[in-house]
Amino acid sequence: MPAIDVVSDASVVLKWFHAEGEEEVEPARALLEHYTRQAIRLVVLDLTPYEVANALLRGRARVAADRVAVVLDALADICPQVTPTKIDLREAAMLAERHRLTLYDAAYAAVARARGAELVTLDEALLKSGLGRRPSAVVADLTRPT
Amino acid sequence: MAKVLISMPDDLLERIDREADARGSNRSRFLQDAARRELGWPSGNALEAALTRGREALASVGGFESARLIREQRLVRDAGDRRR
């Protein structure tokens with residue numbers, strides 16, 4: 001079976017490293033197993049490290065900077081970070097307007113669309129808009145017998 | 001980010017520029033994406049080592065739901081952008 005493209009947003013990426021109090025840790029991590037087996041091509045956006053770091057440093061977690069740096073370094077070793085093109089950003093603006101999303105949300109959806117990729121997210125706004133799917137749903141498809 | 005000087009046939013460079021332009025991208029981004037595709041997947045060992053490092057760094061930070069943290073930060077940034 002050819003590998004499918006998957007774009008992961010920051011809400012899923014963080015679960016690769018953190019488990020306590022998290023939903024959907026197993027399916028989020030199962031994506032990495034499929035990635036290791038080359039069943040999926042996994043990418044994040046160049047925006048993702050900023051989102052991950054911001055959430056850890058400035059959110060209620062208040063994680064120390066040196067630990068955040070280790071997580072960012074690990075993320076860079078796991079999967080490529082892609083930069084949205086001008087066309088992606090134009091699409092993102094339209095999606096943001098149509099679905100009342102922030103441009104940060106919409107950028108993930110636009111990059112996934114342009115690549116014919118699945119967007120995996122646990123962000124309620126992206127899930128409600130129908131632009132992204134839960135890791136559990138994507139993993140279920142990957143493990144379903146053909 | 002490093003800047004590199006590489007040699008390439010003129011016709012190939014022309015094709016790259018044409019395709020990058022058609023995608024609303026540019027030469028650097030196009031070549032970065034192509035290199036990533038060519039390099040493919042990290043080794044299982046490299047991925048496992050990276051995960052172990054990241055998990056150890058967050059081992060004692062306590063419980064939280066990442067999706068909620070990310071949502072809060074996106075809304076904070078969005079509100080800041082609206083005020084500009």
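The following exchange between a trainee and a mentor works through a predicted two-chain model, beginning with chain A and ending with its contact with chain B.

Trainee: Which conventions apply to numbering, and what confidence do local features need?
Mentor: Residues are numbered from 1 along each chain as its sequence is written, while chains are lettered from A and ligands numbered from 1 in the order in which they are written. Because the model is predicted, side-chain atom pairs count only at pLDDT 80 or more and totals for chains, interfaces and linings use all residues, whereas local features need pLDDT of at least 70.

Trainee: How many helices and strands does chain A have, and what pattern do they follow?
Mentor: Helices (H or I, at least four residues) and strands (E, at least two) are DSSP runs, numbered from the N terminus. On that basis chain A has 8 helices and 4 strands, and along the sequence the pattern reads β-α-α-β-α-α-β-α-α-β-α-α.

Trainee: What radius of gyration does chain A have, and what would a compact globule have?
Mentor: The C-alpha trace of chain A spans about 40 × 40 × 25 Å along its principal axes. The radius of gyration is taken over C-alpha atoms, and the globule rule is 2.2 Å times the number of residues to the power 0.38. For 146 residues that rule gives a value near 15 Å, and chain A agrees with it at 15 Å.

Trainee: In what order do the strands of chain A lie in the sheet?
Mentor: Two strands pair if DSSP finds at least two bridges between them. In chain A, β1 (residues 4-8) is joined to β2 (residues 40-45) by 4 bridges, β2(A) pairs with β3(A) over 2 bridges, and β1(A) pairs with β4(A) over 3 bridges. The edge strands, each pairing on one side only, are β3 (81-82) and β4 (118-120). The sheet is open and its pairing parallel, in the order β3-β2-β1-β4.

Trainee: Which residue of β4(A) is the bridge partner of Val7(A)?
Mentor: Towards β2(A), Ile4(A) stands opposite Ile40(A), Asp5(A) has Arg41(A) as its bridge partner, and Val7(A) stands opposite Val43(A). Towards β4(A), the bridge partner of Val7(A) is Leu119(A).

Trainee: How many residues of β2(A) are buried, and which way do they point?
Mentor: A residue is buried if 20 or more other C-beta atoms lie within 10 Å of its own, exposed if 12 or fewer, and partly exposed in between, with C-beta atoms placed from the backbone. Ile40(A), Leu42(A) and Val44(A) point one way from β2(A), whereas Arg41(A), Val43(A) and Leu45(A) point the other way. The strand is largely enclosed by the rest of the structure, because the buried residues number 6 of the 6.

Trainee: Which helix supplies the largest share of the largest nonpolar core?
Mentor: A nonpolar core is a set of buried Ala, Val, Leu, Ile, Met, Phe, Trp, Tyr and Cys residues joined through C-beta atoms within 7 Å. The largest has 56 residues, and those with the most contacts inside it are Val71(A), Tyr108(A) and Ala109(A). Its largest share, 8 residues, comes from helix α6 (residues 103-114) of chain A.

Trainee: Where is Leu122(A), and which residue of chain B is it in contact with?
Mentor: Leu122(A) is found in the loop between β4 and α7 (124-129) of chain A, and counts as buried because it has 28 C-beta neighbours inside 10 Å. Two residues are in contact if their C-beta atoms, placed from the backbone, lie within 7 Å. Leaving aside neighbours within four places in sequence, the contacts of Leu122(A) include Ser11(A), Val12(A) and, from chain B, Ala67(B).

Trainee: Which helix gives the most to the side of chain B that touches chain A?
Mentor: The contact takes 41 residues from chain A and 33 residues from chain B. On the side of chain B, α2 (27-39), α3 (44-57) and α4 (66-83) each supply at least two residues. With 10 residues, the helix that gives the most is α4(B).

Trainee: How is the side of chain B that touches chain A divided by class?
Mentor: Ala, Val, Leu, Ile, Met, Phe, Trp, Tyr, Cys and Pro count as nonpolar, Asp, Glu, Lys and Arg as charged, and the others, Gly among them, as polar. By these classes, that side of chain B has 13 nonpolar, 8 polar and 12 charged residues.
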